[in-house]
Amino acid sequence: MDILQGTLDLLVLQTLKMMGSMHGWGIARRIERISDDQVNLNYGTLYPALIRLEQKGWIKSSWGTSENNRRAKFYSLSRQGAQQLIVEKKSWNEIAAFVSRVLKES
């Protein structure tokens, strides 16, 4: 299943809010698991999104060691990202409600 444009930001922000600091591979696996593997995240999509979110100040990163003893960049939600998550959720809910109304009219 493809993810709608802009939805990945919301999913990453929510994942970091719920799970705390995670590396990119962990974020991808978590989103895939929650989707019952219906979403398969392309790392060519995820990592540019992480860079974009960090540039916007919505997430922050630091280097650490992963569970398998590898050096990895860990991402966490910033204060600004937590505020943006509220905005993104509201926007998503409004869009979902609108689409639902249109589909009910069909």
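**Close-up views of a predicted model**

Arg29 is buried, at a relative accessible area of 19%. The cut-off for buried is under 20%, so Arg29 falls on the buried side. The model shown here is predicted.

**View 1. A salt bridge within helix α2 joins Arg29 and Glu32.**
The two side chains meet with N and O 2.0 Å apart. Three residues separate the partners along helix α2, which means a spacing of about one helical turn. Glu32 is buried as well, with a relative accessible area of 4%. Arg29 has a value of 19%. A search of the whole structure finds three salt bridges, and the other views below include the remaining partners.

**View 2. Arg52 and Asp9 form a salt bridge between two helices.**
The closest N and O atoms of this pair are 2.5 Å apart. Arg52 belongs to helix α3 and Asp9 to helix α1, so the bridge ties together parts that are 43 residues apart in sequence. Is Asp9 buried or exposed? Asp9 is buried, with a relative accessibility of 7%. Arg52 is partly exposed, at 34%.

**View 3. Helix α1 crosses helix α3.**
Two packed helices are described by the angle between their axes and the distance between the axes. Helix α1 covers residues 7–19 and helix α3 covers residues 43–55. Their axes come within 10 Å and cross at roughly 75°. Angles of 65 to 115 degrees count as roughly perpendicular, so α1 is roughly perpendicular to α3. From α1, the contact takes in Leu8, Asp9 and Val12. From α3, it takes in Thr45, Leu46, Ala49, Leu50, Arg52 and Leu53. Six of the contact residues are nonpolar, one is polar and two are charged. The salt-bridge partners Asp9 and Arg52 are both part of this contact.

**View 4. Helix α1 also meets helix α4.**
What angle do the axes of α1 and α4 make? They cross at roughly 130° and come within 10 Å. This makes α1 oblique to α4. The crossing is left-handed. On the α1 side, the contact residues are Thr7, Leu10, Leu13, Gln14 and Lys17. On the α4 side, they are Gly81, Leu85, Glu88, Lys89 and Trp92. The residues of this contact divide into four nonpolar, three polar and three charged.

**View 5. Helix α4 holds a salt bridge of its own, between Glu94 and Lys90.**
The closest N and O atoms of the pair are 2.6 Å apart. Both residues lie in helix α4, four residues apart, about one turn of the helix. Lys90 is exposed, with a relative accessible area of 53%. Glu94 is partly exposed, at 46%. The cut-off for exposed is over 50%, so Lys90 passes it and Glu94 does not.

**View 6. Ser100 lies further along helix α4.**
Helix α4 runs over residues 79–105, and Ser100 is part of it. Ser100 is partly exposed, with a relative accessible area of 31%. How far apart are the C-alpha atoms of Ser100 and Leu50? They are separated by 30 Å, and the two residues are 50 apart along the chain. Leu50 is also one of the α3 residues that touch α1.

**View 7. Thr15 sits in helix α1.**
Thr15 is buried, with a relative accessible area of 8%. Which residues does Thr15 touch, leaving out those up to four places away in sequence? They are Gly20, Met22, Ile27, Arg30 and Ile31. Ile34 is 19 residues from Thr15 along the chain. The C-alpha atoms of Thr15 and Ile34 are separated by 9.9 Å.

**View 8. Asp36 has a positive phi in a loop.**
The loop lies between α2, residues 24–34, and α3. Asp36 has a phi of about 55°. This residue is not a glycine. Asp36 is exposed, with a relative accessible area of 63%.

**View 9. Asn69 has a positive phi in a loop between strands.**
Where is Asn69 found? Its place is the loop between β2, residues 59–65, and β3, residues 71–77. Phi is about 65° here, although Asn69 is not a glycine. Asn69 counts as exposed, at 67% relative accessibility.

Conventions. Residues numbered from 1 in each chain as written. Predicted model: local features only at pLDDT ≥ 70, side-chain atom pairs only at ≥ 80, totals over all residues. Heavy atoms only, no water. Buried < 20%, exposed > 50% of the residue type's maximum accessible area, 1.4 Å probe, protein only. Axes fitted to C-alpha atoms, helices over the stretch in contact; angles between N-to-C directions. Parallel < 35°, antiparallel > 145°, perpendicular 65-115°, else oblique. Contact = heavy atoms within 4.5 Å. Nonpolar A, V, L, I, M, F, W, Y, C, P; charged D, E, K, R; others polar. Left-handed = near helix turned anticlockwise from the far one by under 90°. Salt bridge = Lys/Arg side-chain N within 4 Å of Asp/Glu carboxyl O.
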